[in-house]
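Student: I've got a model open and a pile of labels to make sense of. Can we go through what earns each label?
Tutor: Sure, here it is.

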Amino acid sequence: MLLDCTIGRKGFLTYLKSLGGSNIVKIVPSNGDASGSRVADKRLKVVCGANTSYLENMAWVGEKTPLTLCDIRVSPSNSVSPNLGALELSDALTRVLPFTANEDTRPILQCVLFKVQDGKLSLVSADGYRLAVMKLDFDGDEGQVLVNRDELRGVTSALRRARRVRLGFEKSGDGLEGMSLLLDTELIRYDWRGCAGNFPDYEKLIPADFASRASFDTNEALKAVSSLKVIADSRTYAIDLIIGDGKVIMANTDDKGETEITADTTGEPVKVRLDGGYLADALRACGGMVELKLSDAKSPMLFTAPDYELVVMPMLTPESQKPKDEAKAEEPAEAVETPAEAVPEDEAEKVQAVAEAEAITKADKPKPKKRGKVKEPVAVA
């Protein structure tokens with residue numbers, strides 16, 4: 001929206017980049033010095049150097065142009081009293097956005113939950129297989145709102161250029177869809193209207209009891225994952241992690257190769273299998289030193305870094321489903337999908353929250369998204 005005119009964003013940006021002769025662009029309503037048709041119709045007069053153009057209302061807007069729910073207001077004199085670091089918020093968004101769902105059938109899991117409680121801002125995302133939680137110190141009123149991930153992706157780079165940031169909530173009705181997330185910088189105010197629905201009770205998904213722990217460098221681990229990916233038979237591949245004795249061994253499930261990295265390990269030795277792409281995503285999101293905590297080969301595993309937690313479901317194997325005293329770590333096993341009824345009752349209770357998301361209210365007109373390749377590990381939901 002520009003001066004009461006609706007303009008297609010992508011077309012308008014392309015047009016601005018094509019202008020030459022000056023770095024100053026003047027935009028005003030068309031007035032009396034234009035031709036009769038330009039005055040009669042709702043148009044914008046754009047002046048840049050020697051270029052003068054008249055943009056009609058709804059320019060670059062077609063039948064398939066998606067409409068967003070984000071209002072951006074630009075002002076050269078916006079006074080901001082910060083309550084967050086701009087780089088901190090940008091980094092936090094970068095670490096939770098990859099773990100949102102791609103499927104349109106789960107609109108709630110396509111959102112990021114912003115929740116303020118007890119002086120902390122929590123950013124939470126989940127896709128049914130993984131759950132990411134990032135916490136930041138926050139000075140502001142408590143509240144929560146769901147924002148679609150597609151409306152947040154572009155703001156991560158913009159925040160890196162902002163000097164001051166203030167985040168807050170504004171109520172405009174009942175339920176999360178009646179809340180708006182306000183984000184002020186020196187020049188721009190972002191106003192995201194909340195999505196309808198209820199986010200799962202994510203705190204139930206975070207495991208608390210562990211039998212094994214390993215602390216290691218994510219850079220070394222990523223190199224190991226990359227070397228195994230190159231020799232994998234397909235783009236989707238599984239990796240076995242064998243943790244214990246001061247090291248983490250990563251191996252292809254088809255015995256094509258393995259690599260070893262040094263780690264600080266405690267507890268019982270354990271072998272667990274997970275999707276290689278999920279492992280790489282987790283390592284990149286954590287960065288630096290990461291601590292991996294596990295209870296057994298079939299329960300959710302927890303990656304932790306300062307102020308960051310990432311829960312990842314392992315891939316179940318015939319070996320992992322045996323009673324503990326019957327399992328033999330030296331026997332390789334192929335990954336299998338296990339029906340929901342095979343999940344132990346205590347684990348079913350832990351994962352119930354994300355499962356609820358699939359039956360949650362159908363959000364208002366979810367936008368079409370690019371569909372990614374469906375992963376095949378055993379899901380949380």
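Tutor: Let's start with surface: accessible areas here come from the Shrake-Rupley method with a 1.4 Å probe. On that basis, the protein chain has an accessible surface of about 20,400 Å², and carbon and sulfur atoms hold 49% of it. Keep in mind that this is a predicted model.

Student: How do you know how far to trust the prediction, in terms of pLDDT?
Tutor: The average pLDDT of the protein chain is 80, and 76% of the residues score at least 70. Watch residues 327-381, though: pLDDT stays under 50 there. Where pLDDT is low, predicted coordinates should not be read in detail. The model does have 100 contacts beyond four places in sequence for residues 327-381.

Student: What makes P314 buried or exposed?
Tutor: Its relative accessible area is 1%. Buried means under 20%, so P314 counts as buried. P314 sits in the loop between β20 (308-312) and α7 (345-357). A297 is 17 residues away from P314 in sequence, with 7.2 Å between the C-alpha atoms.

Student: And what makes G178 buried or exposed?
Tutor: Same test: G178 has 6% relative accessibility, and the cut-off is under 20%, so G178 is buried. G178 belongs to the loop between β9 (166-171) and β10 (179-184). Its C-alpha is 6.4 Å from that of G194, which is 16 residues apart along the chain. Over the whole protein chain, 45% of the 381 residues count as buried.

Student: Why are β7 and β20 said to pair?
Tutor: Pairing takes at least two bridges. β7 (residues 130-137) and β20 have 5, in the antiparallel sense, so they pass. A132 is opposite L310 in β20, for instance.

Student: What does β20 do with β19?
Tutor: β19 (residues 301-305) and β20 run antiparallel and are joined by 5 bridges. M301 has V312 of β20 as its bridge partner. The two strands form a hairpin with 2 residues between them, and D307 in the turn has a positive phi of about 65°. As for cover, 4 of the 5 residues of β20 are buried.

Student: Which strands are the edges of the sheet β15-β14-β13-β17, and what makes them edges?
Tutor: The sheet is open, with 4 strands in that order and antiparallel pairing. β15 (258-262) and β17 (270-275) each pair on one side only, and that makes them the edge strands. Neighbouring strands in this sheet are turned by 20° against each other on average, direction ignored.

Student: How do you know that β13 and β17 pair?
Tutor: At least two bridges are needed, and β13 (residues 238-244) and β17 share 6, antiparallel. So that's a pair by the rule. One of the bridges puts A238 with D275 of β17. Helix α6 (residues 276-286) packs on this sheet too, touching β13, β14 and β17, with its direction at about 95° to that of β17.

Student: What makes α6 mostly covered?
Tutor: 9 of its 11 residues are buried, among them Y278, L279 and C286.

Student: What is found at the two ends of α6?
Tutor: At the start, a side-chain oxygen of D275 comes to within 2.9 Å of the backbone nitrogen of G277. The cut-off for a polar contact is within 3.5 Å. After α6 comes G287, with a positive phi near 65°.

Key. Residues are numbered from 1 along each chain as its sequence is written. Side-chain values use heavy atoms; hydrogens and water are left out. Axes are lines fitted to C-alpha atoms, for helices over the stretch in contact, and angles run from 0 to 180 degrees between N-to-C directions. Contact means heavy atoms within 4.5 Å. Buried means under 20% relative accessible area, exposed over 50%, partly exposed in between (1.4 Å probe, protein chains only). A polar contact is a pair of N or O atoms within 3.5 Å; within protein, one must be able to donate a hydrogen and the other to accept it, and residues adjacent in sequence count only if both atoms are side-chain atoms. pLDDT is the predictor's confidence in each residue, from 0 to 100.
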